[in-house]
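Here are some friendly notes to read with the structure open beside you. They go point by point, so feel free to dip in anywhere.

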Amino acid sequence: GGGFGRAPGDPHVPVVGHGARLSRCPPSMARQGAGAMLASGGLGFPPQNLARVVVWEWLNEHGRWRPYSAAVCHHIENVLKEDARGSVVLGQVDVQLAPYVIDLQSMHQFRQDTGTMRPVRRNFYDPSSAPGKGIVWEWENDNSSWTPYDMDICITIQNAYEKQHPWLDLSSLGFCYLIYFSSMSQMNRQTQRKRRLRRRMDLAYPLTMGSIPKSQSWPVGTSTGTPCSCPQCLLVNSTRAASNAILASQRRKLYPGAVRQSSTFAGAALWPAGTGTAAVAGGTAKGEGLRVPGGAFAPSQSVAGGAPLPGLNNLNRPGTQRGTGLGARASVPPGVPALPVKNLNGPGPVHPALAGMTGILLCAAGLPVCLTRAPKPVLHPPPVSKSDIKPVPGINGICRKTKKKHLKKSKTPEDVVRRYIQKVKNPPDEDCTICMERLVTSSGYEGVLSHRGIKPELVGKLGKCGHMYHLLCLLAMYNNGNKDGSLQCPTCKAIYGEKTGTQPPGKMEFHLIPHSLPGYTDSKTIRIIYDIPTGIQGPEHPNPGKKFTARGFPRHCYLPDNEKGRKVLKLLIVAWDRRLIFTIGTSNTTGESDTVVWNEIHHKTEFGSNLTGHGYPDPNYLDNVLAELLAQGVSEATLKD
């Protein structure tokens with residue numbers, strides 16, 4: 001069934017299914033009213049004198065931005081008005097969020113009992129959209145409780161609901177779900193599992209106008225205006241937020257009600273202003289890493305009336321180092337003990353909760369901290385001279401290019417549908433899984449679509465798999481897709497005809513390099529280089545006429561030079577020619593929309609390690625990618641053709 005998230009920081013958030021893209025939403029159901037995040041990050045702001053609904057969101061481990069409730073957002077906005085650099089205790093408005101604190105200066109949510117830190121953002125939406133009206137769409141999870149959809153999905157569902165569409169396909173947002181408003185249900189297009197959904201009225205999200213200065217977006221000392229995302233800097237931010245929370249707790253106990261919590265630690269930071277946000281030790285020897293001296297907190301730690309807080313003077317120590325960039329070696333006072341926390345449970349980076357709690361305990365006590373560096377992935381092979389680069393044996397050429405799509409005008413949608421189905425005179429009394437109406441009744445698209453010769457009650461059976469649908473429903477599915485002359489059964493994924501994708505124009509290179517992959521020491525390596533430039537979306541893309549971005553190109557991928565590796569390469573070339581390797585959508589990694597993303601065929605982009613899960617050794621990878629290619633209609637039979 002999959003889902004879209006739970007409470008902030010919950011480690012058991014179910015993974016959303018990202019199935020094969022069967023059909024895109026029609027333009028009227030496309031993503032509308034989605035929040036426009038500004039590039040400055042941190043405390044984003046709307047244009048001057050333009051009213052916007054504010055929704056605060058946190059980033060879960062699957063790269064999805066999850067909205068806080070309207071009540072929590074009102075609370076955060078109230079604190080923000082008083083002190084844009086303070087802390088927000090979420091438990092003050094929602095008892096279920098008692099462990100969580102948001103640090104407005106670093107824009108991170110901190111969980112006090114585990115040390116887990118997550119980025120947060122302040123997003124903006126149109127006042128006429130769902131959050132502005134207080135409308136919440138939710139799905140029923142396995143515990144029979146209700147979980148709200150991501151805000152962009154909620155807005156898309158509400159737009160389709162207001163326009164009285166019978167159903168909505170979420171594949172254009174990257175999810176293989178269908179929403180049926182007549183039965184108020186969500187169906188997974190891969191597993192056919194259905195869940196209930198509901199539309200609920202709640203408090204409207206806060207409205208804002210004007211702007212907030214950029215200088216309050218991130219901690220003082222950063223040079224680019226955006227925070228560093230390396231593990232060391234993330235640790236610093238989480239530790240600072242935790243220290244703020246600890247001091248806030250101490251002050252509340254010593255002087256209950258004396259000072260507003262949000263202003264207690266205005267400007268508190270591990271380093272004084274001007275020293276930067278982090279210092280990362282260079283070098284590769286074991287034991288070297290980030291040393292965080294005793295935290296230097298703002299000297300304004302006093303209650304109303306000016307009396308200093310007792311017992312906290314040990315925290316007012318000046319910082320002893322300067323942030324000098326990722327590659328520099330930090331100066332550390334002599335005699336500072338190292339705290340190696342690497343490899344406690346085998347290789348890999350330090351667990352965020354362990355690192356966070358270590359920093360909390362030692363920094364709160366005024367002690368120095370030294371954390372060893374996490375290992376870095378080996379993304380690329382050693383340099384290779386041009387004379388060492390050879391063609392792949394058995395493969396013609398070293399490069400393939402794709403251009404803009406050319407549609408075959410000879411095949412009308414009706415011709416395509418009729419080509420692959422057989423008419424059924426007496427259909428069974430079952431659901432059509434496209435419109436969710438009974439096959440013995442008219443299609444749910446009656447009145448929405450009208451085509452000569454195709455009556456809404458006509459039913460057809462697909463030739464190979466035998467699944468039955470209304471002809472009008474198949475026609476609607478085809479019109480919402482790539483219109484390439486092929487059909488894919490929404491029940492079993494059987495492909496009729498030659499499936500093509502929506503990959504933008506680009507270039508694919510492939511050749512042999514004289515280096516071996518981990519796990520394939522007896523073989524050379526096939527290197528594939530994909531390069532796709534930015535451009536304008538075509539009619540087959542989510543937002544025709546709009547610019548799309550292409551991040552991270554050229555992308556380098558690797559296969560072992562053996563019989564199965566060369567077979568995979570041949571099939572990848574076919575998939576490239578059919579425009580199936582990439583598509584345009586929303587990045588699961590960054591959340592950016594209208595960008596080039598992978599399209600359900602996994603590649604290995606890490607050459608000499610497997611720290612990210614996209615490298616070697618991986619003994620099952622070649623078999624897995626062959627199965628993924630088969631699911632796209634690319635099989636060994638295509639090589640014989």
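1. Let's start with Met436, which counts as buried at 12% relative accessibility, because the cut-off for buried is under 20%. Met436 is found in the loop between S17 and S18. Its backbone deserves a look too: phi is positive, about 65°, although Met436 is not a glycine. Please keep in mind that this is a predicted model.

2. Most residues other than glycine have a negative phi, and most peptide bonds are trans. Against that background, Met184 is another residue to check: it has a positive phi of about 45° and is not a glycine. Met184 sits in the loop between strand S10 (177-180) and strand S11 (185-188). With a relative accessible area of 23%, Met184 is partly exposed, because the buried class ends at 20% and the exposed class begins over 50%.

3. Two cis peptide bonds are worth finding on your screen. One runs from Phe553 to Pro554, with omega near 0°, and Pro554 belongs to the loop between strand S25 (547-548) and strand S26 (555-560). Another joins Tyr616 and Pro617, where omega is about 5°. Pro617 lies in the loop between strand S28 (595-598) and helix H9 (621-631).

4. Now for the chain as a whole. It has 10 helices and 28 strands. Of its 641 residues, 50% are buried. The accessible surface comes to about 28800 Å², and carbon and sulfur atoms account for 54% of that. Taking contacts between residues at least 6 apart in sequence, 68% join residues at least 24 apart.

5. Tyr205 gives you a concrete case of contacts between separate parts of the sequence. Its C-alpha atom is separated by 6.4 Å from that of Val54, and the two residues are 151 apart along the chain. Tyr205 is placed in the loop between strand S12 (194-201) and strand S13 (207-208). Is Tyr205 buried or exposed? Its relative accessible area is 10%, so Tyr205 is buried. Leaving aside residues up to four places away in sequence, Tyr205 touches Val53, Val54 and Val55, then Pro67, Tyr68, Ser69 and Ala70, and also Cys73, His74, Pro131 and Met151.

6. Next comes a helix pair, H6 (residues 413-420) and H7 (residues 471-479). Their axes come within 10 Å and cross at roughly 120°, so H6 and H7 are oblique to each other. The crossing of H6 past H7 is right-handed. On the H6 side, Pro413, Glu414, Val416 and Val417 make the contacts; on the H7 side, their partners are Leu471, Leu474, Leu475, Tyr478 and Asn479.

7. How much of H7 is covered? Most of it: 8 of the 9 residues in H7 are buried. These are Leu471, Leu472, Cys473, Leu474, Leu475, Ala476, Met477 and Tyr478. H6 is part of what covers them, and the cover also includes strands S17 (421-424), S18 (459-462), S19 (468-470) and S20 (487-488). You may recall S17 and S18 as the strands on either side of the Met436 loop.

8. For helix H8 (residues 563-577), a quick length check works out. At 1.5 Å a residue, its 15 residues should span 21 Å, and the end C-alpha atoms are 22 Å apart, so the two agree. The buried residues of H8 are Gly565, Val568, Leu569, Leu571, Leu572, Ile573, Val574, Ala575 and Trp576. After H8 comes Arg579, whose phi is positive, near 65°.

9. H8 has a partner in H9. The two helices pack at an angle of about 25°, with their axes 10 Å apart. That makes H8 roughly parallel to H9, because angles under 35 degrees fall in that class. H8 passes H9 in a left-handed crossing.

10. Finally, the residues that bring H8 and H9 together. From H8 there are Lys564, Gly565, Lys567, Val568, Leu571, Leu572 and Ala575; they meet Leu622, Asp623, Val625, Leu626 and Leu629 of H9. An α-helix has 3.6 residues a turn, so residues three or four places apart point the same way. With that in mind, try picking out Lys564, Val568, Leu571 and Ala575, which are among the H8 residues in contact with H9.

Methods:
Residues are numbered from 1 along each chain as its sequence is written. This is a predicted model: local features need pLDDT of at least 70, side-chain atom pairs count only at pLDDT 80 or more; totals for chains, interfaces and linings use all residues. Side-chain values use heavy atoms; hydrogens and water are left out. Helices (H or I, at least four residues) and strands (E, at least two) are DSSP runs, numbered from the N terminus. The expected span of a helix is 1.5 Å times one less than its number of residues. Buried means under 20% relative accessible area, exposed over 50%, partly exposed in between (1.4 Å probe, protein chains only). Contact means heavy atoms within 4.5 Å. Accessible areas come from the Shrake-Rupley method with a 1.4 Å probe; for residues, only the protein chains shown count as cover. Axes are lines fitted to C-alpha atoms, for helices over the stretch in contact, and angles run from 0 to 180 degrees between N-to-C directions. Angles under 35 degrees count as roughly parallel, over 145 as roughly antiparallel, 65 to 115 as roughly perpendicular and the rest as oblique. A crossing is left-handed if the near helix is turned anticlockwise from the far one by less than a right angle, and right-handed if clockwise.
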